[in-house]
Amino acid sequence: MDKVILMRHLLRFSCGLLPVFLLAACGGGGGGGSTPAPSAPAISAFSASPAQVQPGQSVTLSWTVQGATSLTISPGVGSVDGLTSRAVTPAASTTYVLTAANPSGSVTASTTVTVASAPYPPGLASGNLQVGGVTREFRVYTPAGLTGPPKALVLVLHGGGGAGLNIANPGAHPLSVFRDVADREGLIVVYPGGQPALDGSPGWNDCRSDNQTSSNADDIGFLNALIEQLRTAYGLPTSKVFMAGGSNGAQMTLSYALAGPANVAAVASSNGNMAKTPKTGACSASPPRRLPVLMVHGTADPAMPYAGGCVANLGGNCNRGQVISAEATRDFWRQANGATGTPVQTVFNGNTSDPGPANRLFYSGPSDVEWWRMDGGGHPVASQKVLVPTTPVSGPQNRDVEFAEIAWAFFKTKL
């Protein structure tokens, strides 16, 4: 046998007897070859859900990684060892980078979150919307300190024949106090604008079939479109959308409660009764769903008679139509909401210089009805901050409570 071949056979059968320093000749300690180096980690998934958000909304970053001894996410997150997901709240559009590492190396993966710009700047901004070929105007109030999603969206409807959209100006009208509530609570307040009536003043086309002065505007369509646009822009469900109004705006609010209740979570009205002779359709039907309602009315209101009758009957010809009484309006909603039991009553009389106290009657039911009777109060919206002088046309203002505050307190319980 060849000497080289013989030597190989001897090594093969004698490896177990050789000293350690010669084991290399037998294949490295009996293992049959060198140990392979560990491989670098692998990232099989890294994603963000949702990938597009409004300012202040949170995002969940999720990942699937194999073979890593450390995990970090940048920017601003840091170590995420032992986790498979992490919630983040980016202030602006951000690309997040996941780094997975072990002693053999590292790998990265990235995902981008898009943060939409705020729909409207802080303060009072103007907007418009095309509805049925007509340009409709509105104003949006955004608190300066609002950094995240708003707590709610509140539409506030002006009265007829008055200041129109100017009620949004600070101190101009009791309904402007909703801005103060927004600053404290983190709300978005929207002031929609009604179309000019036949007398040229802005107003609303509510349920009165015998109102000879109103426009023929599609106000239900306008409010529907406005709510949908803003609700989508702020990423809010309809359970966080509310509507309030005064006078003709109160009548429009109650009309909307009949025609579009699925788009709001509750409504509030100040000195606005329902039509005595309603239009056909939704105005003449029962509400398609129960909706929480707050109503305020002064017992000495000359423009929207507490006992019912002609609205703002300045010329004596009742050309603005007729309404049912404040109590009949209340009872309509009590019946519709199943809130027919005995109310809980509270009396507020903090300002003894006004005509009388504010009486809160709360009717609980499947949907609540909150009714305020302002003894001796006239047509102005009740307020402690914005005072309205008494005139023969309007009567005296109740100053025991703030309508914007009691409306929001009611809405807040529905969130």
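This is a short walk through a few helices, loops and buried residues of one structure.

Okay, thanks everyone. Before anything else, keep in mind that this is a predicted model. Let's start with the helices, then look at the loops, and then finish on two residues.

So, helix α4 first. α4 covers residues 248–259, which is 12 residues. From first C-alpha to last, α4 reaches 16 Å, close to the 16 Å you'd expect at 1.5 Å a residue. How much of α4 is buried? Well, 11 of the 12 residues are, so α4 is largely enclosed by the rest of the structure. If you want to click through them, the buried ones are N248, G249, A250, Q251, M252, T253, L254, S255, Y256, A257 and L258.

Now swing over to helix α3, residues 219–234. That one has 16 residues and reaches 22 Å end to end by C-alpha, again close to the expected 22 Å. The buried residues in α3 are D219, G221, F222, L223, L226, I227, L230, R231 and Y234. Some of you will remember the general point here: an α-helix has 3.6 residues a turn, so residues three or four places apart point the same way. Have that in mind when you look at how L223, L226, I227 and L230, all on the buried list, are placed. And right after α3 comes G235, with a positive phi near 65°.

How do α3 and α4 meet? Their axes come within 11 Å and cross at roughly 75°. Angles from 65 to 115 degrees count as roughly perpendicular, so that's what we call α3 relative to α4. On the α3 side the contact is made by D219, I220, L223, N224 and I227, and on the α4 side by M252, S255, Y256 and A259. Sort those by class and you get 6 nonpolar, 2 polar and 1 charged. Notice that L223 and I227 turn up here and also among the buried residues of α3. On the other helix, M252, S255 and Y256 are in the contact and buried as well.

There's another helix pair I'd like you to see, α2 and α6. α2 is residues 178–185 and α6 is residues 403–412, and they pack at about 45° with their axes 8 Å apart. That makes α2 oblique to α6, and the crossing is right-handed. Who's touching? From α2 we have F178, V181, R184 and E185, and from α6 we have F403, A404, E405, A407, W408 and K412. By class, this contact has 6 nonpolar residues, 4 charged and no polar ones.

Right, on to the backbone oddities. As a reminder, most residues other than glycine have a negative phi, and most peptide bonds are trans. Here we have some exceptions. S49 and P50 are joined by a cis peptide bond, with omega about -10°, and P50 sits in the loop between β1 and β2. There's also a cis bond between S74 and P75, with omega about 5°. P75 is in the loop between β4 and β5.

Then the phi angles. N271 isn't a glycine, yet its phi is positive, about 55°. You'll find N271 in the loop between β16 and β17. Is N271 buried or exposed? Its relative accessibility is 2%, so it counts as buried. A312, also not a glycine, has a positive phi of about 40°, and it lies in the loop between β18 and β19.

Stay with that β16–β17 loop for a second, because A275 is in it too, and A275 is buried at 15% relative accessible area. What does A275 touch, leaving out residues up to four places away? The list is C207, R208, Q322, V323 and I324. Take I324: it's 49 residues from A275 along the chain, but their C-alpha atoms are separated by 6.1 Å.

Last one, L157, in strand β11. L157 is buried, with 0% relative accessible area. Skipping neighbours within four places in sequence, its contacts include I167, L175, P192, W204 and M243. And here's the link back to where we began: L223, G249, M252 and T253 are among its contacts too. M252, remember, is also one of the α4 residues in the contact with α3, and so is L223 on the α3 side.

That's my tour. Happy to take questions.

Technical notes:
Residues are numbered from 1 along each chain as its sequence is written. This is a predicted model: local features need pLDDT of at least 70, side-chain atom pairs count only at pLDDT 80 or more; totals for chains, interfaces and linings use all residues. Side-chain values use heavy atoms; hydrogens and water are left out. Axes are lines fitted to C-alpha atoms, for helices over the stretch in contact, and angles run from 0 to 180 degrees between N-to-C directions. Helices (H or I, at least four residues) and strands (E, at least two) are DSSP runs, numbered from the N terminus. Angles under 35 degrees count as roughly parallel, over 145 as roughly antiparallel, 65 to 115 as roughly perpendicular and the rest as oblique. A crossing is left-handed if the near helix is turned anticlockwise from the far one by less than a right angle, and right-handed if clockwise. Contact means heavy atoms within 4.5 Å. Ala, Val, Leu, Ile, Met, Phe, Trp, Tyr, Cys and Pro count as nonpolar, Asp, Glu, Lys and Arg as charged, and the others, Gly among them, as polar. The expected span of a helix is 1.5 Å times one less than its number of residues. Buried means under 20% relative accessible area, exposed over 50%, partly exposed in between (1.4 Å probe, protein chains only).
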